[in-house]
Structures are given as C-alpha cells and as structure tokens.
Amino acid sequence: MPWDILLIFFVLGVVVPWRGRVRLRQLLAKPRVESAERLSLYLSTIAFQWLAVAVAGWRAWAHGFTAPELGLVIHDRLQVAIIAILGAALIVTLQWFNLRRIGRSTSPLRGPLQALAQRILPQTPREMIPFFALAVTAGLCEEFLYRGFAMASLSRAGLPVWSVVLLSSFIFGLAHLYQGRGGFAGTTILGILFGVARARLGTLVPVVVWHMGVDLVAGIAGPRYLVRKEETMEPSQVA
C-alpha cells in the first residue's frame, strides 16, 4: 500500500480518535457547554470532514481509483432508491426507540450518555440547522472515507471482502470512540452493516442516506430523551 494511503489510514485510525477523545474530555470537564461552543464544534467538524474528503479524494484520483471502486456509481436506480428509503425508515425507527429506551432507563449507563448529549447535541432552535448540516456532512464524508476510500484501498491491497468490511468498520468504530466502549461497539456493528450493503450493492448511496438518518434522529430524539429540560432553555428564557 502506498505511503500516502497509509498516512490517511493513520489519520483515520489514530489522529481522528485521539482528537475526538481530547475534545470530549475538554467538554466534559466543563459544568456547562454554551451554545456558541456547540456551534463552533459543529462548524469545525464540518470543515475537518470536508478537508479529509478532499485529501482522500485527491490521493485516490492520483492513484487511479475508479468511480466503481469508490462506490460512486448507481447500477440500478430503482433498486437503490427502494433499499435506501426502506433501510432508512427501519434504521431511523430503531434509533428513535433506542434513544427513548435509554432516556427512560435507570441503568448507570444512562449517566455518561446524558452527559455527552447535554454537551454536544443541539438544545435550541438556533443550533438545529448547523447540526443538520453536520449530519448531512457526516453521511456524505464519513461514508466516502470509510466505505468508499478505505474499502477501495483495502481491496486493492488484496484483502478478501470480509476482512475489508471488518477492518474498515473497526476504523469507523475507532472514530467514534469518544462515545465510550458502548458507542465504539455499536458504531462498529453499524459499520459492518453499512459495509456489507456497500459491498453487495456496489454503491455508497443507500449507506449515505442511512447514516444521515441515524445522525438526524440523534439530533432530534437525543435532546428530547437525554437532555434535562433546564439545559434546553435559552438565556432569555431564564427568569
């Protein structure tokens, strides 16, 4: 594997997880995260992800990666559209009910998730649009990086499909290690599901739609079920 491709894998598998853990530790150390800080987090993450896609796309082009290798094609538009819509409906529904279950749970695991939600999820109408932009960005950029670029690079290295799916999903899980061990495990499993779909269908379109759905629901249902009501009030609403 060329050195520049290896360097991108190093960034995805080491730098991104480290950066996420450091930033989360800083946020958790604060008794309260203000709206401006969340907006800064959303915008900086959007910028970083598009920069990562630009670099990965540039190096993929330089090494002659084709659109089919990267999943940037649609072979059967009707089939892909049906799978994308039905899959998104199922995944979004499961995500919503899972967040509701966690929000109503008395398990000790609820505490860390609530602390995370209070600091990074949108809590005012002003924060929703930037968060939705982040959700769309994550669906496009992360799927290109992990199911497009990473899977294509591993396939070119001669690895069998099953190991390509597992390795790319593991790196995807590492990127979400800031969510804790449970978040890492859940994201890795979700990555395997996305990776299998991408390998079978030969396109990124359905997994991009599914990924956007997961993140959009997190931004809507997460604050509803995991954030304490007093945390959602605008400064002007406080007497």
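Histidine 211 touches Ala138, Gly139, Glu142, Glu143, Phe172 and Phe194, leaving out residues up to four places away in sequence. This histidine lies in helix α9, which covers residues 205-226. With a relative accessible area of 4%, Histidine 211 is buried, because anything under 20% gets that label. Keep in mind that you're looking at a predicted model. Here's a tour, starting with how some helices pack.

**Helix α1 and its partners**

- Helix α1 runs over residues 3-28, and helix α2 over residues 35-62.
- The axes of α1 and α2 come within 11 Å and cross at roughly 175°. An angle over 145 degrees counts as roughly antiparallel, so that's the description for α1 and α2.
- On the α1 side, this contact is made by Asp4, Ile5, Ile8, Val16, Arg19, Arg23 and Leu27. On the α2 side, Leu41, Ser44, Thr45, Phe48, Val55, Ala56 and Arg59 do the touching.
- Helix α1 also packs with helix α5 (residues 110-120), at an angle of about 90° and with the axes 10 Å apart. That makes α1 roughly perpendicular to α5, because the angle falls in the range of 65 to 115 degrees.
- Leu24, Leu27 and Leu28 of α1 make the contact with α5, where they meet Ala115, Leu116, Arg119 and Ile120.

**The loop after α1**

- Valine 33 has its place in the loop between α1 and α2.
- Is valine 33 buried or exposed? It's buried, with a relative accessible area of 4%.
- Leaving aside neighbours within four places in sequence, valine 33 is in contact with Leu27, Arg38 and Arg119.
- Valine 33 and alanine 115 are 82 residues apart in sequence, and their C-alpha atoms are 11 Å apart in space.

**A nonpolar patch on the surface**

- Which residues form a nonpolar patch on the surface? They're Trp3, Leu7, Phe10 and Val14, and together they have about 460 Å² of accessible area.
- Tryptophan 3 is found in helix α1. This tryptophan is exposed, because its relative accessible area of 65% is over the 50% mark.
- Phenylalanine 10 is found in α1 as well. Its relative accessible area is 45%, so phenylalanine 10 counts as partly exposed.
- Want a feel for distance? The C-alpha atoms of tryptophan 3 and leucine 41 are separated by 31 Å, with their positions 38 residues apart along the chain.

**Salt bridges**

- Side chains of opposite charge can pair when their charged atoms come close.
- How many salt bridges does a search of the whole structure find? The search finds 6, and three of them are described here, beginning with aspartate 4.
- Aspartate 4 forms a salt bridge with arginine 59, and the closest N and O atoms are 2.7 Å apart. This pair links distant parts of the chain, with aspartate 4 in helix α1 and arginine 59 in helix α2, 55 residues apart.
- Both aspartate 4 and arginine 59 are buried. They also turn up among the residues making the contact between α1 and α2.
- Glutamate 69 and arginine 156 meet through their side chains in a salt bridge, at 2.9 Å from N to O. This is another link between distant parts of the chain: glutamate 69 is in helix α3 (residues 67-70), arginine 156 is in helix α6 (residues 125-156), and they're 87 residues apart.
- Glutamate 69 counts as partly exposed, at 25% relative accessibility. Arginine 156 is partly exposed too, with a relative accessible area of 41%.
- Arginine 147 and glutamate 143 make a salt bridge with their side chains, at 2.8 Å from N to O. Both lie in helix α6, 4 residues apart, which is about one turn of the helix.
- Arginine 147 is buried, with a relative accessible area of 0%, and glutamate 143 counts as buried at 0% relative accessibility.
- Glutamate 143 is also one of the residues touched by histidine 211.

**One more pair across the chain**

- Asparagine 98 lies in helix α4, residues 77-104. With a relative accessible area of 29%, asparagine 98 is partly exposed.
- The C-alpha atoms of asparagine 98 and glycine 222 are separated by 10.0 Å, although the two residues are 124 apart along the chain.

How values were computed: Residues are numbered from 1 along each chain as its sequence is written. This is a predicted model: local features need pLDDT of at least 70, side-chain atom pairs count only at pLDDT 80 or more; totals for chains, interfaces and linings use all residues. Side-chain values use heavy atoms; hydrogens and water are left out. Patches are made of residues with over 30% relative accessible area and no salt bridge: like charges are joined within 9 Å, nonpolar side chains (Val, Leu, Ile, Met, Phe, Trp, Tyr) within 5 Å. Accessible areas come from the Shrake-Rupley method with a 1.4 Å probe; for residues, only the protein chains shown count as cover. A salt bridge is a side-chain nitrogen of Lys or Arg within 4 Å of a carboxyl oxygen of Asp or Glu. Helices (H or I, at least four residues) and strands (E, at least two) are DSSP runs, numbered from the N terminus. Buried means under 20% relative accessible area, exposed over 50%, partly exposed in between (1.4 Å probe, protein chains only). Axes are lines fitted to C-alpha atoms, for helices over the stretch in contact, and angles run from 0 to 180 degrees between N-to-C directions. Angles under 35 degrees count as roughly parallel, over 145 as roughly antiparallel, 65 to 115 as roughly perpendicular and the rest as oblique. Contact means heavy atoms within 4.5 Å.
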